[in-house]
Amino acid sequence: MKLSALRNVAALRTTAVALTAAMSVAALAGGASAQPEKASSVTSVVKEGRTWHLKVYSAAMKKDITIDVQRPVDESQPAPNFYMLNGLDAGEGTASWAAQTNALGFLADKQVNVIQPIGGRGSYYTDWKQEDPKLGLNKWKTFFTEELPPLLDSTLNSTGLNALAGLSTSGTSVLQLAEAKPGLFKSVAAYSGCAQIADPLGKQAVKFSVETWAGGKTANMYGADNDPAWVENDPVINAEKLRGTNLYISSGSGMPSNADVEYYLSNAPGPMGVINLGLGVGIEAATNACSQNLKAKLDSLNIPATYQFTPMGTHYWPYWEQALHDSWPLLAQGMGI
């Protein structure tokens, strides 16, 4: 081979080696800069007697979520998990099971972990299409059905059986969550919730809660009014997915009792008390209509449920606390206790 040809071969080999080295360096550099996504995990546990305060990192929402747990009467033995969802305020203020009722006292002698999530105000505990300027990034369906259950099972030494209860806006949410992952929650109780969200009346109820009360935008939640997400998340339309779940559905008629009138007027004297009374009457009447429609749909599908429709009752805590007591046998049955 001529000297010039040998030089050309050597030059090609040098170039190939240089290119290979450059590609290897680039690959290593790229691997170093691409940090893996942080996995969902329990990041801290603070024990205060029988109450455990957990911080749980949600990879879906990219933040820590506070979960308070009242441990079972016998902490040495495994226990099921009973999720108690708050309403529109999501436990961030004083409108919560813990602050407004003696629910924790009622459950204190029972062999159950009482799971109390804190956060998600105005979110309906659902997966939003996009981040909202006011209410942030909400992926609660993913959190409650995929991320949280296995973490609680391992942290609390749970039995793996779960039940779920919610009131008002979360009375909608618990049905959506049950439909999102059938079988995860063996028993579900919905108190004064509006199960239908895809029809014009249902959409207005959701918008009233999310936009008027919480300051968010339902366009970021389920999209425009004609977006298929409204239908996909409507518990009545998707009621077939509730088959096999122990169901308890309750609501009042909206008709106020004397005790209701006294409650509203004494908690906010003057015109505001009258306004609150009107809201309590109107909201409960609407949720009662929604619940009756859910019953009609479940009946048409031959899906059994337990119903409690009281002839009196407005939209406030004493009725939901009583509904918890009334529904407890069904909830306990699903948890094997």
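# A conversation about pockets, cores and a small cavity

Me: To begin, how many residues does the protein have, and what share of them count as buried?
Reply: The protein has 337 residues, and 46% of them count as buried. Please keep in mind that this is a predicted model.

Me: How many helices and strands are there?
Reply: There are 11 helices and nine strands in the protein.

Me: And what share of the contacts comes from residues far apart in the sequence, 24 or more positions?
Reply: Among contacts with a separation of 6 or more, 72% are accounted for by residues 24 or more positions apart.

Me: What about the outside: how much area does the protein expose?
Reply: The exposed area is about 15,500 Å², and carbon and sulfur atoms supply 59% of it.

Me: Let's go inside. Which residues touch the most other members of the largest nonpolar core?
Reply: They are Ile 67, Phe 143, Phe 144 and Leu 175, in a core of 38 residues. Several elements each supply at least two residues of this core, including strand S2 (51-58), strand S3 (63-70), helix H4 (140-156) and helix H10 (271-300). The largest share comes from H4, with seven residues.

Me: Take Phe 143. What does it touch away from its sequence neighbours?
Reply: Not counting residues up to four places away in sequence, Phe 143 touches Val 56, Ser 58, Met 61, Ile 65, Ile 67, Leu 148 and Pro 149. Another core lies apart from the largest one. That other core has 23 residues, among them Phe 106, Val 114, Ala 165 and Trp 317.

Me: Changing topic: how many cavities of 30 Å³ or more does the structure hold?
Reply: The structure holds one such cavity. About 40 Å³ of space lies in this largest cavity.

Me: Which residues line it?
Reply: The lining of the largest cavity consists of Asn 86, Gly 87, Leu 88, Ala 90, Gly 120, Gly 122, Ser 123, Tyr 124, Tyr 125, Thr 169, Ser 170 and Ser 173. By class, four of these residues are nonpolar, eight are polar and none is charged.

Me: Ser 173 is on that list. Where does it sit?
Reply: Ser 173 is found in helix H5, which covers residues 169-180. Its C-alpha atom is separated by 9.5 Å from that of Ser 123, although the two residues are 50 apart along the chain. Leaving aside neighbours within four places in sequence, Ser 173 is in contact with Tyr 124 and Tyr 125.

Me: Why does Ser 173 count as buried?
Reply: Ser 173 counts as buried because its relative accessible area is 0%, and the cut-off is under 20%.

Me: Is Gln 176, from the same helix H5, buried or exposed?
Reply: Gln 176 counts as buried, because its relative accessibility is 8%. Beyond its neighbours within four places in sequence, Gln 176 is in contact with Tyr 124, Thr 126, Ile 197, Tyr 222, Asn 233 and Pro 235.

Me: And Ser 209: where is it, and what does it touch?
Reply: Ser 209 lies in helix H6. Not counting residues up to four places away in sequence, Ser 209 touches Leu 88, Tyr 124, Thr 169 and Ala 214. Ser 209 is also buried, with a relative accessible area of 11%.

Me: Now the pockets. What is the volume of the largest one?
Reply: The largest pocket has a volume of about 1,100 Å³. It is lined by 39 residues, and those closest to its centre are Ser 168, Trp 213, Ile 283, His 315 and Trp 320. Two or more lining residues come from each of H5, helix H6 (200-213), helix H9 (258-267), H10 and helix H11 (317-335).

Me: How does that lining divide by class?
Reply: The lining of the largest pocket has 20 nonpolar, 17 polar and two charged residues.

Me: And how much space lies in the second largest pocket?
Reply: About 160 Å³ of space lies in the second largest pocket. Its lining has 15 residues, with Ser 250, Gln 308, Thr 310, Tyr 319 and Ala 323 nearest the centre.

Me: Which element gives the most to that lining?
Reply: H11 gives the most to the lining of the second largest pocket, with five residues. By class, that lining has five nonpolar, eight polar and two charged residues.

Conventions
Residues are numbered from 1 along each chain as its sequence is written. This is a predicted model: local features need pLDDT of at least 70, side-chain atom pairs count only at pLDDT 80 or more; totals for chains, interfaces and linings use all residues. Side-chain values use heavy atoms; hydrogens and water are left out. Helices (H or I, at least four residues) and strands (E, at least two) are DSSP runs, numbered from the N terminus. Buried means under 20% relative accessible area, exposed over 50%, partly exposed in between (1.4 Å probe, protein chains only). Contact means heavy atoms within 4.5 Å. On a 1 Å grid over the protein atoms alone, a cavity is a set of points where a 1.4 Å probe fits but cannot get out, and a pocket is an open set with protein on both sides within 12 Å along at least five of seven lines; lining residues have an atom within 4 Å of a point. Grid points are joined across faces, edges and corners, and a volume is the space filled by probe spheres set on the points. Ala, Val, Leu, Ile, Met, Phe, Trp, Tyr, Cys and Pro count as nonpolar, Asp, Glu, Lys and Arg as charged, and the others, Gly among them, as polar. A nonpolar core is a set of buried Ala, Val, Leu, Ile, Met, Phe, Trp, Tyr and Cys residues joined through side-chain atoms within 4.5 Å. Accessible areas come from the Shrake-Rupley method with a 1.4 Å probe; for residues, only the protein chains shown count as cover.
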